[in-house]
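Trainee: I have a new structure open and no idea where to start. Can you walk me through it?
Mentor: Yes, ask as you go.

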Amino acid sequence: MDYESEFADHTPSFNRAENMIKDPEVKGFNPGLIVLLLVGGLLLSFLVGNYLLYVYAQKTLPPKKKKPVSKKKMKKERLKQGVSVPGE
């Protein structure tokens, strides 16, 4: 068993920070981190864009018109308040 003698003096280390310090070669970014940053950036830009559109619309669009109240509803309201409806 040749390979056993090669690794007999090597003890495995489970400390990632220690391994990173010992290993001078840079391995690059974690793919999960790249995906997380990409999705987070897209979500943040979506929310900021929606907010900016909302603020722009509030400034430029005219206020929303109210629906006209029907004559029938006006009669009911006046009767509730005790005011007599003219013509009746």
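Trainee: What share of the residues counts as buried?
Mentor: Just 1% of the 88 residues in the protein count as buried. Keep in mind that this is a predicted model.

Trainee: How much surface does the protein expose, then?
Mentor: About 9400 Å², with carbon and sulfur atoms supplying 65% of that area.

Trainee: What is the secondary structure?
Mentor: The protein has 4 helices and 0 strands. Read from the N terminus, the order of elements is α-α-α-α.

Trainee: Which element has the highest mean pLDDT, and which the lowest?
Mentor: Helix α3, residues 31-60, has the highest at 96, while helix α1, residues 2-6, has the lowest at 59. For the protein as a whole the average pLDDT is 79, and 64% of the residues score at least 70.

Trainee: Now α4. Why does it lie largely in the open?
Mentor: Because 0 of the 11 residues of α4 are buried.

Trainee: And what follows α4?
Mentor: Gly82, which has a positive phi, near 95 degrees.

Trainee: Where does Lys72 sit?
Mentor: Lys72 is in helix α4, which covers residues 71-81.

Trainee: Why does Lys72 count as exposed?
Mentor: Its relative accessibility is 62%, and exposed means over 50%, so Lys72 qualifies.

Trainee: Which residues gather with Lys72 in the patch of positive charge?
Mentor: Lys64, Lys67, Lys73, Lys76 and Lys80 join Lys72 in that surface patch.

Trainee: Changing topic: which residues make the nonpolar surface patch?
Mentor: Phe29, Leu33, Ile34, Leu36 and Leu37 make a patch of about 570 Å². One of them, Leu33, lies in helix α3.

Trainee: Why is Leu33 called partly exposed rather than exposed?
Mentor: Its relative accessible area is 37%. Partly exposed is the range between under 20%, which is buried, and over 50%, which is exposed, so Leu33 falls in between.

Note on methods. Residues numbered from 1 in each chain as written. Predicted model: local features only at pLDDT ≥ 70, side-chain atom pairs only at ≥ 80, totals over all residues. Heavy atoms only, no water. Patch = residues over 30% accessible without salt bridge, like charges linked within 9 Å, V, L, I, M, F, W, Y side chains within 5 Å. Areas by Shrake-Rupley, 256 points an atom, 1.4 Å probe, with all protein chains shown as cover. Salt bridge = Lys/Arg side-chain N within 4 Å of Asp/Glu carboxyl O. Lys, Arg positive; Asp, Glu negative; His and termini not counted. Charge placed at Lys NZ, Arg CZ, Asp CG, Glu CD. Helix = DSSP H or I, 4+ residues; strand = E, 2+ residues; numbered from the N terminus. Buried < 20%, exposed > 50% of the residue type's maximum accessible area, 1.4 Å probe, protein only. pLDDT = per-residue confidence, 0-100.
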